[in-house]
Amino acid sequence: MAKSPERGVKVQRNSPMRAYFTHHIRVFISSLGELTRRPIASMMTVTVIAIALALPSGLYLLLHNIDQISADWDSSAQMSLFLKGNTSSNKVERLANRLNLRNDIESTKIITPEQALEDFVRISGFGDVLNSLDKNPLPAVIVIQPVIDSENPLLVSQLLNDMKKLPEVDIAQLDLEWVKRLYTMIDIANRAVWVISLLLGIAVLLTVGNTIRLDIQNRKEEIIVTKLIGATNAFIRRPFLYTGLWYGLVGSILALTLINIGLAMIETPVQKLATLYNSNFQLIGFSLDNSLVLILISCVLSLGGSWLAVGRQLSKIEPS
Amino acid sequence: MIRFDNVSKQYPGGFEALLGVNYHLPRGQMAYLTGHSGAGKSTLLKLIAMIERPSRGQIFLDGVNLNNISKNKIPYIRRNIGIIFQNHQLLFDRNVYHNVALPLIIAGYRHQEVSKRVRAALDQVDLLSKENAMPVTLSGGEQQRVGIARAIVHKPSLLLADEPTGNLDPELSKEIMQLFERFNQVGVSVLIASHDLNLIDEMGYPVISLEDGQLSRNDLLNKGDRD
């Protein structure tokens, strides 16, 4: 080759690196301008992306909140040891102290027969009848707060069996079934959220891909002309990739807005409900980290979608 | 500038568009390419612009054998050519200035340099006052001149024009041809495909003619041997 093919242009050109970055910034901004030029079509695409992202994210948030509530319930999943009637208060105290040392027990609380009777009188209103009894029929009770490991709910039933074997214990009670069911349900819901996220993630990819594909077809003439003028494939690809990136960015921000609007809408009733249950439960929103991850995922998916479309379409469009 | 060495082009399906074509357009030369429609004019131009590849033979552009140019290097070859189309191929979603600026943007020129060169190019085709106009608002002749400004803005060493006056009346056609003449006078090689034989005669530049894919006339035979 006698001469470099670029011989014709030699005056006042940017250094290649600088030209590259200048061009990237220019395309980044102009592709946004391109989107605002057809606002309705762009808004529709962005809204589809936003809904596809908001749905699994909202579900995730919901589960996260339920987890939070059920953590509260965990603490109320108590075990009651009804001791045999002849157990002296001294023995009760020693037993409680001994149990307190176990790893799988968070805390213990003693309800003496006297306290139990008092409570019963207060709550039932059968005070006179009970006063006429010469002997307190109620046993001492030790209320155990088990350590609940959500990974391993069986530990609690193990503890229950141990408690039943204690010589002082008459009856040991725990309603474990609902805890088990709750964990199973949360587990299923968690998996469902993953599956839905995966499917809707693919939906985002395809939506952006299809939008970009149509965009490329609409601008076929322009692509051919720019190719004839000497544009490289990378040059032609760039605005479409940045358009995809914008869809992802704006779509994810809209999704976050939708989620936060949804949260704001249910916040007041949830607070009312929490007050009714005497709970200090607070709705958890998306943290900054989570939001950034959502934005990142959306951008990557959209960029991926446009990459797929551009790769397939551009090679088909050649001047002829 | 352009050298065809026994070039043939057969399209898929067997149609022989060009058959053993030899010619040499010296650097700085202006010439016309004529022939009936279907004689192979467009194919010949497409081979130079690397829109098509030859089936046999070799094409040298500015001393470079185009057969050795890989697909991803084609854009850089094209940047050295200014191509003018019959239907001028302007982009209708942007104004005259941005149409003309496109080759410079592609080649990565600085902003100030772009505006300087675009104005110089528009000045040469006498359209400086229309830089903010949208192409649709221009007449056919003006649109063609914008196309020419875009083809010369990056100062290519070769101008290719495919029926540049196809849709214009005789007076405008002559103006356009004189414009090409002016570029040729500052050293640009020019090859114009046209069937406007009267105008070609009037301009008085060498002519190469194609008939059924073969050269039937070659005024370039005795021209200088500069590349």
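This section describes the fold of chain B, the nonpolar cores and two helices of chain A. The model is predicted.

Chain B contains seven helices and 10 strands. Its C-alpha atoms occupy a box of roughly 45 × 40 × 35 Å along the principal axes. The radius of gyration of chain B is 17 Å. A compact globule of 227 residues would have a value near 17 Å, so chain B agrees with that expectation. Of these 227 residues, 45% are buried. Contacts in chain B often bridge long stretches of sequence: among those between residues at least 6 apart, 70% join residues at least 24 apart.

The largest nonpolar core has 71 residues. Within this core, V100(B), A149(B), L159(B), L160(B) and F180(B) touch the most other members. Helix α3 of chain B, residues 96-107, supplies the largest share of the core, with eight residues. One of the highly connected members, A149(B), can be followed further. Beyond its neighbours within four places in sequence, A149(B) is in contact with V100(B), which also ranks among those members. The other such contacts of A149(B) are A121(B), L122(B), Q124(B), V125(B) and L127(B). A second core of 32 residues is separate from the largest one. Its members include F240(A), Y242(A), I259(A) and L301(A).

In chain A, helix α3 covers residues 89-100. At 1.5 Å a residue, its 12 residues should span 16 Å. The end C-alpha atoms lie 17 Å apart, which agrees. Four residues of α3(A) are buried: V92(A), L95(A), A96(A) and L99(A). Viewed down the helix axis, the buried residues fall within an arc of 100°, so they line one face of α3(A). On the other side, N90(A), R94(A), N97(A) and R98(A) are exposed. The buried residues of α3(A) pack against three strands of chain A: β1 (79-83), β2 (105-111) and β3 (141-146).

Helix α8 of chain A runs over residues 220-229. Its buried residues are I223(A), V225(A), T226(A), K227(A) and I229(A). The cover over these residues draws on both chains. From chain A it includes α9 (233-276). From chain B it includes α2 (74-78) and α3. This α3 of chain B is the helix that gives the largest core its largest share of residues. Just after α8(A), G230(A) adopts a positive phi of about 110°.

Methods: Residues numbered from 1 in each chain as written. Chains lettered and ligands numbered in written order. Predicted model: local features only at pLDDT ≥ 70, side-chain atom pairs only at ≥ 80, totals over all residues. Rg over C-alpha atoms; globule rule 2.2 N^0.38 Å. Buried ≥ 20, exposed ≤ 12 C-beta atoms within 10 Å, placed from the backbone. Contact = placed C-beta atoms within 7 Å. Expected span 1.5 Å × (residues − 1). Arc of directions from axis to C-beta. Core = buried A, V, L, I, M, F, W, Y, C linked by C-beta atoms within 7 Å.
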